[in-house]
Amino acid sequence: MSAEAKSYCEDDSCDIGQDFYTCPMHPEIHQEHPGTCPKCGMALEKEVEALPTVKTQYTCPMHPEIVRDEPGSCPKCGMALEPVMVESTEGNAELDDMSRRFWISVVLALPLFIIAMVSDLAPQYLPEGISMKSIQWFEFALSSPVVLWGGWPFFVRGWNSVRTWNLNMFTLISIGVGAAWIYSIVALLLPEIFPPLMRTGEGLVHVYFEAAAVIVTLVLLGQVLELKARSKTNSAIKTLLNLAPKQAHRIDAEGNEEDVNLERVQAGDRLRIKPGEKIPVDGVVIEGQSNVDESMITGEPVVVAKSADDTVIGATLNKNGTLVMRAERVGSDTMLSQIVQMVAQAQRSRAPIQQLADTVSGYFVPAVVLSAILAFFGWWFWGPEPRLAYAVVAAVAVLIIACPCALGLATPISIMVGTGRAALSGILIKDAQTLETMEKVTTLVVDKTGTLTEGKPVVTSLKTVEGMDEKEALRYAASLEHASEHPLAEAVIERAKKEGLNLVEVANFNAVTGKGIEGDIDNKKVVLGSEKFLESLGIDMKAVSDEATALRSEGQSVIFMAIDSKFSCIIGIEDPVKATSIEAIAALKKEGIHVVMLSGDNEVTAQAVAQKLEISEVYANVMPDGKAAVIQKLQDSGAVVAMAGDGINDAPALAQADVGIAMGTGTDVAIESAGITLIKGDLLGIVKVRKLSRATMKNIRQNLFFAFVYNSVGIPVAAGVFYPFFGLLLSPIIAATAMSFSSVSVIVNALRLKNSKI
């Protein structure tokens, strides 16, 4: 076999997970090294063969018991199925399809609606020489693409709902649109079969092509809005997935180092992590010392010292030292992967109001169809001549007046107005589920750092021994901290800048991981660190022990400084409580909401902050999965839980909560995982959301009531129940007018939310 023949393959024999190069024109060409394609001569491009894929399954967000091997629609509610496993795919095919159908339908339905209104209400403004027959044919031409193409997904879902006898909103939509359009075609082609009183002087019968087209367009709008809200879930998951590094430095048995793709890392592999790099997977340190920024997991602005036998977590940031670790949990077993799955699983939920609408529709649709059938046969057997024509008119009138346009608008219109009103107050609300649930919340769980507090440590106290100038002590401390990467160091340096102090060079700097730092300044030996660190150097710390305890009880972190082996200064650093937090907590309590504080900080500091805010229930030293577990525990006890947080570590808890509330100053993952975002980072916004939720849900219930009442009252009138007594017979045009009036009433009522006081 020639060398060229050995350099590539045209089958599936290449090793899975191996780096290879392929031709963009001939993807069957695989080669382990860069070069040119032996078939066309083009430069080969590097790719990575994916690991063996598990077949993707799809489930319904509202009915998780529905699982399919292929994408499609839920047989129960008609919603698009979503992947069971988390994916980071680009784009949203269904949203693109619905958007395309919506905009094309708008282009056709708008002139159709204008022409129909002018011809019905102000025919004198029509151009001379145009007959009503021509206008009806023109309306037919414009409405047919909207109904048959734009509304085709609704007919498919409606048919499936009937076939499986899971009647839902799409059943109503398909029946209403289909009845209006088919009736109009019959009226256009066979006007002579209708009774004389239904015909105009020209012998024409009123048609309702514009009603069918406008209904389809409005329903498409609702689908586009819903799909956009649902698509935000994917961006949160994608952000989480992007936290992990793409490659790792793997060390083989001979000590050689090679860069491998993350998916090729296996449990037991030795990996090197250099300063400034992210830790690739979960594992244990076997060599080296460093500080690791675990704020992605803990949410606390404090790095953690790592040395041999310490555990490290994938996607956390190695700061200043080189580590060698042993991989223990890889792939889907890492904490990051578990966080991704927790976010995806908790976010896969739908608004209960939608389930209620579908449940009611399950009874409403058979009632409408039964009423139409009874009306048809009633007029056919006992009505005046022409019986058949009267029977058709009555049945169609029943179906038209029961058209679900107002029912479909009831929720999205109120949500659109309500969320717009919230945006004016600096509050972003993702979907209807959030607003509906917020009015039922009984417990609010609040993350401490960055939510109740500023998330920016500052020096709040600085006390020196007698004879030591405070500014001189601060200058020494800041100069020494300038060489450190500890987050608390930034607080000391910032305080020195505010004091206008000039920092000096440090000689012989040394950082003792997890304990403190030391160096020479002005020919003096300066040491800065923990109480135990200074004691280990033989420095007497008994005199400041009580003072340190007092500072910690106030929620401050404490560091000590000694000069030439003598204690000289104690520095208290605190993450201050936001100015609005106390007021917000008090207001939430008045709303009857029980407030719980979660923190990854130590018990003493967390309790100190809780006492300032008068929060009685506190969970400290809580990891991300622990936060979600606390939420679950509260939910299991019957509480409806809202969670407010701002960090990546809060994402699982935000998703697990009935309502997730993110601070606008927080991370993108927290914001995308939450249903509500407070742009100003002000907890008082939660009180506003609570009031707006009540107003919006009241508005939605009113809209649903109007929609059902109009249809329910109109059905017997359209069926001709009152004709024997009062001679009252509702024509399809009056039915369409009533249908339109119900939609207008819903919209006008929803617009009242703009003036709601929150």
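## A first walk through the model

Start by selecting W181, which is buried: its relative accessible area is 13%, and anything under 20% counts as buried. Keep in mind as you look around that this is a predicted model.

**Stop 1: around W181.** Show helix 5, residues 169-189, and you will find W181 within it. Now which residues does W181 touch, leaving aside those up to four places away in sequence? Select F140, S143, S144, V147, L148, F209 and A212 to see them. Pause on L148: 33 residues separate it from W181 in sequence, while their C-alpha atoms are 9.8 Å apart in space.

**Stop 2: helix 18.** Next, select residues 581-590, which form helix 18, and colour its buried residues: S581, A584, I585 and L588. These four lie on the same side of helix 18, because they cover an arc of only 100° around the axis. Turn to the other side of helix 18 and you meet E583 and K590, both exposed. Then step on to G592, which follows helix 18 and has a positive phi, near 85°.

**Stop 3: the whole chain.** Finally, zoom out and switch to a cartoon view. The chain contains 25 helices and 28 strands. How many of its 758 residues are buried? The share is 50%. Turn on a surface, and about 34900 Å² is exposed, with carbon and sulfur atoms supplying 57% of that area. As for contacts in the chain with a separation of 6 or more, 64% come from residues 24 or more positions apart. The pair you visited at the start, W181 and L148, is 33 residues apart in sequence.

Methods:
Residues are numbered from 1 along each chain as its sequence is written. This is a predicted model: local features need pLDDT of at least 70, side-chain atom pairs count only at pLDDT 80 or more; totals for chains, interfaces and linings use all residues. Side-chain values use heavy atoms; hydrogens and water are left out. Helices (H or I, at least four residues) and strands (E, at least two) are DSSP runs, numbered from the N terminus. Buried means under 20% relative accessible area, exposed over 50%, partly exposed in between (1.4 Å probe, protein chains only). Contact means heavy atoms within 4.5 Å. The arc is that of the directions from the helix axis to the C-beta atoms. Accessible areas come from the Shrake-Rupley method with a 1.4 Å probe; for residues, only the protein chains shown count as cover.
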